[in-house]
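Subject: Structure handover

Hello,

Here is the structure I promised to pass on. Please open it beside this email, and my notes follow below.

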Amino acid sequence: MKKILFATVALLVVGAAAPAVGADLGNRNYYKAAPAYAAPIYNWTGFYIGAHLGGAFSSDNNFNGLSTGNNGNGRFLGGLQAGADWQFHPNFLVGAEAQYSWLSGSVGAAFPGGVAYTNDQRGLGSITGRVGYTWGPGLLYVKGGYAYSDNNEKVTVGGVPTAFLITGDHRNGYTVGAGLEYMFAPNWSAKAEYQYYNFGDASFTGGPLAGTGSFTTDDHTIKAGVNYRFNWANSSVARY
């Protein structure tokens, strides 16, 4: 009899408490709030390919004769680049890049005796290393290394093409530059860059005259370009 009485009291207590518990459950939110996202972490490590457009400007004093062609004036350029970067520190990276730019126009000069030299310079190439400082999506860098000038030269005497001999290596040289790059979307970056090319001094002999001219081959270039980056990790990784 005591057991029956105890069981009856227990059922009454549970029944009375159930509505309060149910009400409490109804007022509580059991959905977890979405985690807060931290600011993206940008990663510059990886390979990239891209293209660029710009202009090339030769120095006014490249020739000791009367300048002809586009020497000193702007010429259009456009080309491709490919490279790789390694971000070894949150704010620093090192990298390497190969680049080639096709050029329009020519450079040259006229010399005494009706002798003229013309270089239909077809392009500029370079293989450079670079060091950069990065802050999130921004990158400021300097670069330098080997440069190549794709020359197509001719000498005329009185307007008639003639055989000639050039002394001095003005195809192979060096280049230095600096630029600013910005990662504007995952795996995509845009850049603005200045690059200087120097191929040294040379002189030529053409026609019946000896030592008809000497010159320096160098180019100042300004480029704007875009890169697609095949990052080893994502371009930007969000942390929780």
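Which residues form a nonpolar patch on the surface? Ten names to mark in your viewer: Trp 86, Phe 88, Phe 92, Val 94, Val 131, Tyr 133, Trp 135, Leu 140, Val 142 and Leu 180. Together they have about 980 Å² of accessible area. Please keep in mind that this is a predicted model.

Where does the patch come from? Strands S4 (74-89), S5 (92-103), S8 and S9 each supply at least two of its residues. S8 gives the most, with 3 residues. Val 94 is a member of the patch. It is found in strand S5. At 31% relative accessibility, Val 94 counts as partly exposed.

The overall picture

The protein has 240 residues, and 37% of them are buried. Its secondary structure comes to 1 helix and 16 strands. Now take the contacts between residues at least 6 apart in sequence: 70% of these join residues at least 24 apart. The protein exposes about 13,100 Å². Carbon and sulfur atoms supply 67% of that area.

Around Trp 44 and Gly 136

Start with Trp 44. It is found in the loop between strand S1 (41-42) and strand S2 (46-58). Is Trp 44 buried or exposed? Its relative accessible area is 0%, and anything under 20% counts as buried, so Trp 44 is buried. Its side chain is joined to the side chain of Thr 134 by a polar contact of 3.0 Å. Trp 44 also lies 9.9 Å from Gly 138, C-alpha to C-alpha, although 94 residues separate the two in sequence.

Gly 136 sits in another loop, between strand S8 (123-135) and strand S9 (138-150). Leaving out residues up to four places away in sequence, Gly 136 touches Tyr 42 and Trp 44. Gly 136 is partly exposed, at 32% relative accessibility. Look at Met 183 as well. The C-alpha atoms of Gly 136 and Met 183 are 8.5 Å apart, with the residues 47 apart in sequence.

Strand S14 and its partners

Met 183 leads on to S14. The bridge partner of Met 183 in S14 is Ser 189. Strand S13 (residues 172-185) runs antiparallel to S14, and 11 bridges join the two. Strand S12 (residues 164-167) also pairs with S14 in the antiparallel sense, over 4 bridges. There, Leu 165 stands opposite Thr 205 of S14.

S13 and S14 form a hairpin with 2 residues between the strands. Check Asn 187, which has its place in the loop between S13 and S14. Its phi is near 75°, a positive value in a residue other than glycine. Asn 187 is partly exposed, with a relative accessible area of 22%.

Lys 191 is worth a click too. It has its place in strand S14 (residues 188-206). Is Lys 191 buried or exposed? It is buried, with a relative accessible area of 5%. Its side chain makes a polar contact of 3.5 Å with the side chain of Glu 193. Beyond its neighbours within four places in sequence, Lys 191 is in contact with a list of residues that includes Gln 81, Glu 97, Gln 99, Tyr 141 and Leu 180. Also among them are Glu 181, Lys 223, Ala 224, Gly 225 and Asn 227. Leu 180 is a name from the patch as well.

The S6 and S7 hairpin

Why is strand S6 (residues 107-111) described as largely enclosed by the rest of the structure? Because 4 of its 5 residues are buried. S6 runs antiparallel to strand S7 (residues 115-119), and 5 bridges join them. One bridge pair is Val 107 with Asn 119 in S7. S6 and S7 form a hairpin with 3 residues between them. Gly 113, in the turn, has a positive phi of about 85°.

Where to look

If time is short, go to three places. One is the nonpolar patch on the surface, to which S8 gives the most residues. Another is Trp 44, with its polar contact to Thr 134. The last is Lys 191, buried in the model at 5% relative accessible area.

Best wishes

Methods: Residues numbered from 1 in each chain as written. Predicted model: local features only at pLDDT ≥ 70, side-chain atom pairs only at ≥ 80, totals over all residues. Heavy atoms only, no water. Buried < 20%, exposed > 50% of the residue type's maximum accessible area, 1.4 Å probe, protein only. Polar contact = N/O pair within 3.5 Å; in protein donor to acceptor, adjacent residues only side chain to side chain. Contact = heavy atoms within 4.5 Å. Areas by Shrake-Rupley, 256 points an atom, 1.4 Å probe, with all protein chains shown as cover. Pairing = 2+ DSSP bridges. Patch = residues over 30% accessible without salt bridge, like charges linked within 9 Å, V, L, I, M, F, W, Y side chains within 5 Å. Salt bridge = Lys/Arg side-chain N within 4 Å of Asp/Glu carboxyl O.
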